[in-house]
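Here is a friendly walk through one protein model, with an eye on its empty spaces and a few details of its backbone. Take a look at the structure, then read on.

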Amino acid sequence: MKGLAELGEFGLIDHIRARFPQPVAPELGIGDDAALLSPSAGRQVVVSTDLLAEGIHFDPGFGPARLLGRKSLAVNLSDLASMGAIPRWFFLSLAIPAGFSLETIEGFLDGLAEQAAEHNCILAGGDTCGSKGGLTISVTIMGEQRPELILKRSGAQPGDDVWVSGSLGDSALGLKLLMEGVRLGGAHDPLLLRQLDPTPRCELGLKLAEAGLVNAMIDISDGLLADLGHICEQSVCGAEILLGQLPLSPALYTCSSKQPVFPWPLVISGGEDYELCFTAPRCNREAIQKISKTAGIPLTVVGKVTNSRQVQAILPDGTNFQPSASGYTHF
Ligand code: ADP
Ligand code: MG
């Protein structure tokens, strides 16, 4: 296989273009100074961007490059899912250290192409440059939705149920295990894969938006407490979470039962769950459970929206849980 230096910037861009289906005319993807894209009639464009920096968001030693490729798009897809938007296009910007292995880039592109195909998302452009630090990956995603269906953080109403999809804490526990030296290929794979290969809840987000049952929604990237806190800020309300009702996976239970104290901080503040958290009027419970069944994804009521201005977490014994930090922050 050729090296990166031999291939060069434009050789690499040509190679990337050849690996991804391109938009069909009159749209324009990779190859000109800018892309030309048209949303469907009556739909608004929904855009989100995420940066993944080596040493901060990922450690190349934790898993194969293919999973990093999948995750780079998954975290962006999750942002569209939380708005109830349909993914359409994405942009890939790479800062690559000199001498970087082309095989690793190939593995990364394999995973990215898989995830893009799974969600019908077209690579429409990007940027490529060298890096004097580690590998940096930036993905910008564009989706679309009818404006009246788009879900925001700002619609929660006091009295609403607070719901979460799937299970919480697996990804944070997976990261902890990876940092302790555990690798793929053993009994902890279900936990490690929640960290290395998260599943964006795109179809679920779309179904909830189309059903018109939800008042506010967010995806859980920084931990339930922090992200529900964002809903509360934007909606000018508070929330009460019953920790005993949080959905936890069998894998997390098994692992946590060996600990002297239950790892609530991992579950509510660990982050990178990429589950959806949303609020909805109580009268919509049955209809939401139906959506859960058709989507094949558990949905659980974990608390309620209140008139106060804080997010309170209540332990199974009825006392207040006081977290030392509410979620991951960079600075
Ligand atoms: P400019 O000099 O204007 O930044 P480039 O030569 O970087 O243009 O890009 C040429 C074309 O290749 C553009 O269409 C751009 O979107 C695309 N492109 C560059 N890097 C990437 C990448 N990493 N992934 C996808 N498309 C890319
Ligand atoms: Mg460029």
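## The largest pocket

In this predicted model, the largest pocket holds about 1100 Å³ of space. Its lining is made up of 44 residues, and those closest to the pocket centre are Ile56, His57, Lys71, Gln195 and Glu272. If you want a place to centre your view, those five residues will bring you there.

Which elements supply at least two residues each to this lining? They are β1 (44-53), α2 (65-83), α3, α4, α5 and α7 (224-235). The largest share belongs to α2, with six residues. Sorted by class, the lining of the largest pocket has 22 nonpolar, 12 polar and 10 charged residues.

## The second largest pocket

The second largest pocket offers about 360 Å³ of space. Here 21 residues form the lining, and Ile13, Ile30, Gly31, Gly125 and Gly126 are the ones nearest the centre.

At least two lining residues come from each of α1 (4-19), β2 and β3 (122-131). The class count for the second largest pocket is 10 nonpolar, five polar and six charged residues.

## A closed cavity

Now for enclosed space. Rolling a probe the size of a water molecule over the atoms shows where empty space is left. How many cavities of 30 Å³ or more does the structure hold? There is one, and the space in this largest cavity comes to about 50 Å³.

The cavity is lined by Leu94, Ile96, Phe100, Thr104, Ile105, Phe108 and Leu135. Two elements, β2 (86-97) and α3 (102-118), give two or more residues each to that lining. Of these, α3 provides the largest share, three residues. In terms of class, six of the lining residues are nonpolar, one is polar and none is charged.

## Where α4 meets α5

Two helices that help to line the largest pocket, α4 and α5, also pack against each other through a set of contacts. Helix α4 covers residues 170-179 and helix α5 covers residues 189-196; their axes come within 7 Å and cross at roughly 100°. The two helices are therefore roughly perpendicular to each other.

On the α4 side, the residues in contact are Asp170, Ser171, Leu173, Gly174, Leu175, Leu177 and Leu178, and they meet Leu191, Leu192, Arg194, Gln195 and Leu196 of α5. By class, this contact brings together seven nonpolar, three polar and two charged residues. Gln195 is worth a second look: this residue of α5 takes part in the helix contact, and Gln195 is also among the residues closest to the centre of the largest pocket.

## Two backbone details

Some local geometry deserves a check before you set up any calculation. Most residues other than glycine have a negative phi, and most peptide bonds are trans.

Is the peptide bond from Ala25 to Pro26 cis or trans? The bond is cis, with omega near 10°. Pro26 sits in the loop between α1 and β1. Further along the chain, Asn120 has a positive phi of about 55°, although this residue is not a glycine. Asn120 belongs to the loop between α3 and β3.

## The chain as a whole

Stepping back, the chain contains 10 helices and 11 strands. Along its principal axes, the C-alpha trace spans about 65 × 50 × 35 Å.

What radius of gyration would a compact globule with 331 residues have? The expected value is near 20 Å, and the chain has 21 Å, which agrees.

Conventions:
Residues numbered from 1 in each chain as written. Chains lettered and ligands numbered in written order. Predicted model: local features only at pLDDT ≥ 70, side-chain atom pairs only at ≥ 80, totals over all residues. Heavy atoms only, no water. 1 Å grid on protein atoms, 1.4 Å probe; cavity = no way out; pocket = protein on both sides within 12 Å on 5 of 7 lines; lining within 4 Å. Points joined across faces, edges and corners; volume = space filled by probe spheres on them. Helix = DSSP H or I, 4+ residues; strand = E, 2+ residues; numbered from the N terminus. Nonpolar A, V, L, I, M, F, W, Y, C, P; charged D, E, K, R; others polar. Axes fitted to C-alpha atoms, helices over the stretch in contact; angles between N-to-C directions. Parallel < 35°, antiparallel > 145°, perpendicular 65-115°, else oblique. Contact = heavy atoms within 4.5 Å. Rg over C-alpha atoms; globule rule 2.2 N^0.38 Å.
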